[in-house]
Amino acid sequence: MSFPTLVRKTLTTLALAATASLAHAQDKVTFLTSWYAQAEHGGYYQAVATGIYKKHGLDVTIKMGGPQVNAIQIIAAGQADFIMGKDFQTLSAIENGVPLTTVAAVFQMEPQGMVTHPDVSSLADLKGKTILLATSGRTSWWPWLKIKHGLKDDQTRPYSFSMAPFFADKNVAQQGYPGSEPFLAEKAGQKIKFFLFANEGYPPYGNTIVTTRQMVKDKPELVQRFVKATLEGWKSYLDNPAPGNALIKQDNPKMEDELIAYSVKTMKEMKFLDGGDAAKAGAGVMTDARWKQTYDLMVTSGQLKPNPNWQQAYTLQFLKDLKK
């Protein structure tokens with residue numbers, strides 16, 4: 001063997017060893033989503049599929065949420081390092097002694113809204129309508145909607161996660177997301193209207209990254225890497241979602257390509273990632289003012305007792321230099 005060949009082989013061996021060492025050094029992280037895999041989770045899957053998490057020294061496992069999955073219990077029990085959260089959920093956890101904190105807001109607005117028939121011109125027109133909502137809605141947006149428009153609990157019926165009751169009754173309205181129910185209505189040949197609560201002043205952020213205060217205290221550098229990599233993943237996903245979509249369909253084979261494409265298009269059009277404060281400060285940004293609005297709403301609506309420690313529900317320490 002010639003000397004140059006020996007040198008090349010030695011350098012190759014050293015490079016492979018270094019790569020193996022780097023892979024071994026990656027921090028294992030478990031992330032729990034809020035529902036079955038879908039486009040609204042795409043940035044997390046993209047960061048796995050394209051190696052963005054690995055680039056930041058993270059070996060991330062994504063677990064799906066669902067109707068029977070209690071994310072607060074799971075993260076409190078140490079079975080997840082981060083969860084895809086909601087502001088109301090995190091503030092309620094603080095009140096109940098669960099030490100969680102929000103470290104970034106992927107969506108600058110909560111993508112929750114109301115699906116109505118075409119005769120409804122505003123949310124104020126929901127008086128006298130039958131409104132279908134899930135249990136989670138009763139402890140989040142429903143109290144806000146009642147206060148804002150004078151609606152009543154006796155108007156409501158349980159939401160069955162199907163649009164069939166809505167299609168069958170012109171006096172029914174139901175909860176929904178802009179990237180899902182409008183698509184299903186379009187496929188069924190039904191004309192609808194969709195009202196995004198955020199456009200009416202509903203203040204919470206959407207698709208937040210939540211962890212424990214212990215994680216923030218003990219491993220702030222890991223939290224910073226997870227936030228940075230996740231936001232990179234989201235920017236990549238909205239630019240070219242194919243890699244993330246493959247993993248979404250692997251976890252949730254029932255997810256249709258058409259629905260994913262519709263949802264991605266909607267997220268981009270509605271600027272969930274880069275609208276609002278993110279347009280200037282960068283994706284992931286949160287503000288004290290927005291959190292105060294959400295806290296005040298929950299206290300006013302009776303969903304929270306006044307709590308001097310409510311600001312433990314979030315931290316801005318991982319949101320510096322987001323524009324870079």
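## Salt bridges, nonpolar cores and a helix crossing

Lysine 129 and aspartate 119 join their side chains in a salt bridge, with N and O 2.9 Å apart. Because lysine 129 and aspartate 119 both lie in the loop between strand E5 (113-116) and strand E6 (130-133), the pair ties together parts that are 10 residues apart in sequence. The two partners sit in unlike surroundings: lysine 129 is buried, with a relative accessible area of 12%, whereas aspartate 119 counts as exposed at 51% relative accessibility. The model described here is predicted.

### Salt bridges

Side chains of opposite charge can pair when their charged atoms come close. In this structure there are 12 salt bridges. Three of them, including the one already described, are set out below.

| Lys partner | Acidic partner | N to O distance |
|---|---|---|
| Lysine 28 | Aspartate 59 | 2.9 Å |
| Lysine 55 | Glutamate 232 | 2.7 Å |
| Lysine 129 | Aspartate 119 | 2.9 Å |

The salt bridge of lysine 28 with aspartate 59 has its closest N and O atoms 2.9 Å apart. Lysine 28 belongs to strand E1 (residues 27-32) and aspartate 59 to strand E2 (residues 58-63), so this pair ties together parts that are 31 residues apart in sequence. Lysine 28 counts as exposed, at 66% relative accessibility, while aspartate 59 is partly exposed, with a relative accessible area of 23%.

A salt bridge also links lysine 55 and glutamate 232, at 2.7 Å from N to O. Here helix H3 (residues 52-55) supplies lysine 55 and helix H11 supplies glutamate 232, so the pair ties together parts that are 177 residues apart in sequence. Lysine 55 is exposed, with a relative accessible area of 57%, and glutamate 232 is partly exposed, at 24%. Elsewhere, a network of salt bridges links Asp27, Glu221 and Arg225.

### Nonpolar cores

The largest nonpolar core has 77 residues, of which Tyr44, Met114, Leu145, Phe226, Tyr237 and Met267 touch the most other members. Helix H11 (residues 220-239) gives the most to this core, contributing nine residues. Another core, of 10 residues, lies apart from it and has Leu32, Ala71, Ala93 and Val210 among its members.

Not counting residues up to four places away in sequence, phenylalanine 226 touches Val29, Phe31, Tyr53, Leu58, Val60, Phe82 and Ile209.

Methionine 267 is found in helix H13 (residues 257-269). Its relative accessible area is 3%, so methionine 267 is buried. Neighbours within four places in sequence aside, methionine 267 is in contact with Ala39, Glu40, Phe107, Trp234, Tyr237, Leu238 and Phe272. For glutamate 40, the C-alpha to C-alpha distance to methionine 267 is 8.0 Å, although the two are 227 residues apart in sequence.

### The crossing of H2 and H11

How do helix H2 and H11 lie with respect to each other, and at what angle do their axes cross? The axes of helix H2 (residues 42-49) and H11 come within 7 Å and cross at roughly 100 degrees. H2 is therefore roughly perpendicular to H11. On the H2 side the contact is made by Gly42, Gly43, Tyr44, Gln46 and Ala47, and on the H11 side by Ala229, Thr230, Gly233, Trp234, Ser236 and Tyr237. By class, this contact of H2 with H11 comprises five nonpolar and six polar residues, with no charged ones.

Definitions and conventions:
Residues are numbered from 1 along each chain as its sequence is written. This is a predicted model: local features need pLDDT of at least 70, side-chain atom pairs count only at pLDDT 80 or more; totals for chains, interfaces and linings use all residues. Side-chain values use heavy atoms; hydrogens and water are left out. A nonpolar core is a set of buried Ala, Val, Leu, Ile, Met, Phe, Trp, Tyr and Cys residues joined through side-chain atoms within 4.5 Å. Buried means under 20% relative accessible area, exposed over 50%, partly exposed in between (1.4 Å probe, protein chains only). Helices (H or I, at least four residues) and strands (E, at least two) are DSSP runs, numbered from the N terminus. Contact means heavy atoms within 4.5 Å. A salt bridge is a side-chain nitrogen of Lys or Arg within 4 Å of a carboxyl oxygen of Asp or Glu. Axes are lines fitted to C-alpha atoms, for helices over the stretch in contact, and angles run from 0 to 180 degrees between N-to-C directions. Angles under 35 degrees count as roughly parallel, over 145 as roughly antiparallel, 65 to 115 as roughly perpendicular and the rest as oblique. Ala, Val, Leu, Ile, Met, Phe, Trp, Tyr, Cys and Pro count as nonpolar, Asp, Glu, Lys and Arg as charged, and the others, Gly among them, as polar.
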